[in-house]
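Here's a model worth opening in your viewer. Have it on screen as you read, and we'll walk through it together.

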Amino acid sequence: MLIDTHAHLDSAEFKADIENVISRSLAAGVIAIVTVGTDLESSRQAVMLAQQHPSVYAAVGIHPHEAAQANPDHLTALLRLSQHEKVVAIGEIGLDFYRNLSPTEVQKEIFIAQLELAQRARKPVIIHDRQAHRETMSILRERAKDLRGVLHCFSGDLEMAQQAAKLGFSISVAGPVTFQNARGLQALVRELPLEDLMIETDCPYLAPHPYRGQRNEPAYVRFIATRIAALKAVPFEHVAQVTTENAKRVFSLP
Ligand code: NI
């Protein structure tokens with residue numbers, strides 16, 4: 001049993017064979033997939049996919065790249081959308097100072113507005129943080145006191161991971177943990193208790209070894225669990241069980 005806690009099933013890459021992608025994930029032991037919105041339109045798509053497929057759940061939110069296009073009406077629509085029974089989180093939301101596709105101040109404003117929205121909706125949050133570790137942590141410390149959630153595709157250091165865990169956030173590990181040169185991330189995975197970890201594909205991006213560079217899909221989440229098991233020298237089944245329980249708890253999955 002595995003849960004892919006971060007996928008983008010609404011992507012054009014999946015349009016033609018979404019049914020096959022979901023069948024292969026079920027065959028690989030993936031009992032649930034959280035497909036994540038990046039703006040209002042993809043959030044609506046995520047909810048539609050979740051409605052059509054029992055193993056698919058949705059997160060709705062505005063990604064920092066899209067923050068500049070967001071307006072108050074979008075936030076009102078997201079709050080309404082968040083009440084759908086298959087919406088399990090607000091996300092992905094956060095800060096991206098690597099690509100900076102939206103101005104920094106606008107990213108912060110939309111991030112904070114969606115943390116407030118999550119509080120009102122009583123949902124956990126899925127956080128995107130790229131090269132914005134200090135600002136992300138300071139906003140979470142000040143604004144996310146009553147929130148649970150997950151830092152997706154984690155790229156910070158061990159100290160940040162431990163601080164986030166103390167705040168009630170899980171650390172989600174994606175394909176890069178399987179790459180030869182990911183020494184820092186692998187060391188972090190060895191140190192962090194499994195109880196703080198979740199696994200994800202972030203598909204169609206970031207395919208794990210041995211599919212690096214190809215289209216990623218939820219069935220490949222097992223390569224991430226396998227690598228974590230090797231790093232921690234524990235059985236695969238143990239990693240699968242604990243990360244599945246963590247995801248079920250945070251997202252209130254059945
Ligand atoms: Ni994503």
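What follows is a tour that begins at the metal and ends with the backbone.

First, some housekeeping: this is a predicted model, in which local features need pLDDT of at least 70, side-chain atom pairs count only at pLDDT 80 or more, and totals for chains, interfaces and linings use all residues. Residues are numbered from 1 along each chain as its sequence is written, and side-chain values use heavy atoms, with hydrogens and water left out.

Let's start with the nickel ion. Which residues are its protein donors? They are His 6 and His 8, each through NE2, and Glu 92 through OE, at 2.0 to 2.2 Å from the ion. A donor here is an N, O or S atom within 2.8 Å of the metal (3.2 Å for Na, K and Ca), and since water is not among the atoms, sites may look incomplete. Along the sequence the spacing reads H-x1-H-x83-E. That joins distant parts of the chain: His 6 sits in strand β1 (residues 2-7) and Glu 92 in strand β4 (residues 87-96), 86 residues apart. Helices (H or I, at least four residues) and strands (E, at least two) are DSSP runs, numbered from the N terminus. Both His 6 and Glu 92 are buried, where buried means under 20% relative accessible area, exposed means over 50%, and partly exposed is in between (1.4 Å probe, protein chains only).

Glu 92 has another quirk: a cis peptide bond joins Gly 91 to Glu 92, with omega about 5°.

Now look at His 152, in the loop between β6 (149-151) and α6 (158-166). With a relative accessible area of 6%, His 152 is buried. Leaving aside residues up to four places away in sequence, His 152 touches two of the residues we've just met, His 6 and Glu 92. Its other contacts include His 128, Glu 200 and Asp 202. Contact means heavy atoms within 4.5 Å.

His 152 also turns up in the largest pocket, where Asp 96, His 128, Arg 130, His 152 and Asp 202 lie nearest the centre, among 25 lining residues. The volume of this pocket is about 600 Å³. On a 1 Å grid over the protein atoms alone, a pocket is an open set of points where a 1.4 Å probe fits, with protein on both sides within 12 Å along at least five of seven lines; lining residues have an atom within 4 Å of a point. Grid points are joined across faces, edges and corners, and the volume is the space filled by probe spheres set on the points. Strands β4 and β5 (125-130) each supply at least two lining residues, and β5 gives the most, with three.

Leu 95 also lies in strand β4, and it is buried, with a relative accessible area of 0%. Its C-alpha atom is 5.1 Å from that of Asp 129, although the two residues are 34 apart along the chain. Among the residues that Leu 95 touches are His 128, Asp 129 and Arg 130.

Next, the aromatics. The structure holds three aromatic pairs; rings of Phe, Tyr and Trp (its six-membered ring) pair if their centres lie within 6.5 Å, and planes under 30 degrees apart count as stacked, over 60 as edge-to-face and the rest as tilted. Tyr 211 and Tyr 220 are stacked, at 4.2 Å centre to centre and 5° between the planes. Tyr 211 and Phe 223 meet edge-to-face, at 5.5 Å and 70°. Tyr 211 lies in the loop between β8 (197-199) and α8 (221-232) and Phe 223 in helix α8, so this pair ties together parts 12 residues apart in sequence. Tyr 211, Tyr 220 and Phe 223 form one aromatic cluster.

Finally, the backbone. Most residues other than glycine have a negative phi, and most peptide bonds are trans. Asp 202, in the loop between β8 and α8, has a positive phi of about 60° although it is not a glycine. Asn 100, in the loop between β4 and α4 (104-121), also has a positive phi, near 45°. A cis peptide bond joins His 209 and Pro 210, with omega about 10°.
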